[in-house]
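Please look over the sequence and the coordinates below before reading on. The paragraphs that follow are meant to be read with the model open beside them.

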Amino acid sequence: MKNKKIALILSGGGARGFFHLGVLKGLADLGIRVDRIQGTSAGALIGALFSGGKSPDEIAEIFFKMNFLKLFRLSFNRKGLISTKPLLKALSEYFLDNSFESLKIPLTVACTDIRMGQIRYFSTGELLKPLVASAAIPVIFEPLEIEGNFYVDGGPLDNLPVKGISKNDYYLMGSNSNPIGPMRGSINMISSTERAFFLAVNGNVSESKKECDLMFEHPGMGGFRASDLRSGNKMIEFGLKAVQEKKKELIQFI
């Protein structure tokens with residue numbers, strides 16, 4: 001196992017993606033290098049920024065500084081409530097070459113082909129469109145057109161994308177930011193929709209977790225909303241704790 005490279009699989013989860021930053025920090029603290037990243041939605045965004053050379057602290061700062069009210073303004077068109085164009089523009093600042101090949105760590109991004117009802121994995125060519133498409137929740141965000149097809153959030157079909165990795169070559173570490181626990185807070189249209197989404201994706205996550213050699217999760221993450229950016233530091237802390245809980249398994253890589 002010591003001769004294997006490490007592939008880190010990052011789940012989607014909106015603002016809960018801050019958890020992945022804690023996982024990345026924890027692995028770095030132990031001197032563990034990630035050789036490949038695969039992600040969906042928030043996991044894809046964080047994976048791309050990390051693969052591009054940003055540290056977990058720098059990525060957290062980027063998210064804290066982003067004006068999401070401006071980025072996620074209503075578009076009032078038939079494709080979705082929110083336009084993806086502002087997010088594409090904002091992310092272009094951090095990916096000047098706009099290609100998977102320019103990243104320092106190989107990255108794979110999972111998106112859903114909304115017309116065909118199939119998952120597609122992007123790992124070469126243009127980076128920004130697949131990256132934003134992977135986080136485009138259906139109905140809320142407009143789909144992105146790539147090569148004549150329309151793509152949205154990869155979460156409904158593969159929220160923890162482990163497919164395509166040879167377990168003979170890689171030790172698979174999964175980071176799941178969406179544990180299912182009792183629902184907290186008030187029940188309204190938004191919270192119920194969010195809850196239903198995560199319950200739906202939990203099925204494919206359960207199957208993917210079985211393929212991972214090691215999983216990072218924390219039950220405390222179930223108490224955060226997917227839009228709760230203000231609790232980012234606490235989620236990072238939970239990610240760090242999740243890594244510490246697996247220290248015995250990880251020590252072999254030091």
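**A walk through the predicted model**

Ile59 belongs to helix α3, which covers residues 56-65. In this model, which is predicted, Ile59 has a relative accessible area of 0% and is therefore classed as buried. Setting aside the residues up to four places away in sequence, the contacts of Ile59 are with Leu21, Ile46, Leu49, Phe50 and Lys54. One of these partners, Leu49, is ten residues from Ile59 along the chain, and the two C-alpha atoms lie 6.8 Å apart.

Leu49 and two other partners of Ile59, namely Ile46 and Phe50, lead to helix α2, where they are listed among the buried residues. Helix α2 spans residues 42-51, and because ten of its ten residues are buried, the helix is largely enclosed by the rest of the structure. The buried set of α2 includes Gly43, Gly47 and Ser51 as well as Leu45 and Ala48. Just after this helix, Gly53 adopts a positive phi of about 110 degrees.

From here the view can be widened to the whole chain. The protein is built with ten helices and ten strands, and 52% of its 254 residues count as buried. Of the contacts that join residues at least 6 apart in sequence, 76% are between residues at least 24 apart.

What forms the interior can be followed through its nonpolar cores. The largest nonpolar core has 57 residues, and within that core Leu8, Leu27, Leu131, Met173, Phe216 and Leu250 touch the most other members. Leu250 shows how distant parts of the sequence are brought into contact: beyond its neighbours within four places in sequence, its partners are Leu27, Leu30, Ile32, Met173, Leu214, Phe216 and Val243. Another core, of ten residues, lies apart from the largest one, and its members include Leu160, Leu172, Val205 and Met215.

Val205 also appears in the lining of the largest cavity, together with Asn159, Asn176, Asn178, Ile180, Phe198, Val201 and Asn202. The structure holds one cavity of 30 Å³ or more, and the space in the largest cavity comes to about 40 Å³. By residue class, the lining of this cavity is made up of four nonpolar and four polar residues, with no charged ones.

The loops deserve equal attention, and His218 is a good place to begin. His218 sits in the loop that joins β10 (214-216) to α9 (232-245). Is this loop residue buried or exposed? With a relative accessible area of 12%, His218 falls under the 20% limit and is therefore buried. The side chain of His218 comes to 2.9 Å from the backbone nitrogen of Gly220. Beyond residues up to four places away in sequence, His218 touches Phe19, Pro179, Phe238, Lys241 and Glu245.

A second buried loop residue is Leu127, which lies between β6 (118-122) and α6 (128-133) and has 0% relative accessibility, so that Leu127 counts as buried. When residues up to four places away in sequence are not counted, Leu127 is in contact with Phe95, Asn98, Ser99, Phe100, Leu103 and Leu107. The C-alpha atoms of Leu127 and Phe100 are separated by 5.4 Å, although the two residues are 27 places apart along the chain.

Asn98, one of the residues that Leu127 touches, is itself in a loop, the one between α5 (85-92) and β5 (107-113). Asn98 is not a glycine, yet its phi is positive, at about 50 degrees, and with a relative accessibility of 25% it counts as partly exposed. Glu147 likewise has a positive phi, near 55 degrees, in a residue other than glycine. The loop that holds Glu147 connects β7 (144-146) with β8 (149-153), and there Glu147 counts as exposed, at 63% relative accessibility.

The walk ends at the start of the chain. Asn3 is found in the segment that precedes β1 (5-10), and its relative accessibility of 81% makes Asn3 an exposed residue. Between Asn3 and Tyr170 there are 8.9 Å from C-alpha to C-alpha, while the two residues stand 167 apart in sequence.

Note on methods:
Residues are numbered from 1 along each chain as its sequence is written. This is a predicted model: local features need pLDDT of at least 70, side-chain atom pairs count only at pLDDT 80 or more; totals for chains, interfaces and linings use all residues. Side-chain values use heavy atoms; hydrogens and water are left out. A nonpolar core is a set of buried Ala, Val, Leu, Ile, Met, Phe, Trp, Tyr and Cys residues joined through side-chain atoms within 4.5 Å. Buried means under 20% relative accessible area, exposed over 50%, partly exposed in between (1.4 Å probe, protein chains only). Contact means heavy atoms within 4.5 Å. Helices (H or I, at least four residues) and strands (E, at least two) are DSSP runs, numbered from the N terminus. A polar contact is a pair of N or O atoms within 3.5 Å; within protein, one must be able to donate a hydrogen and the other to accept it, and residues adjacent in sequence count only if both atoms are side-chain atoms. On a 1 Å grid over the protein atoms alone, a cavity is a set of points where a 1.4 Å probe fits but cannot get out, and a pocket is an open set with protein on both sides within 12 Å along at least five of seven lines; lining residues have an atom within 4 Å of a point. Grid points are joined across faces, edges and corners, and a volume is the space filled by probe spheres set on the points. Ala, Val, Leu, Ile, Met, Phe, Trp, Tyr, Cys and Pro count as nonpolar, Asp, Glu, Lys and Arg as charged, and the others, Gly among them, as polar.
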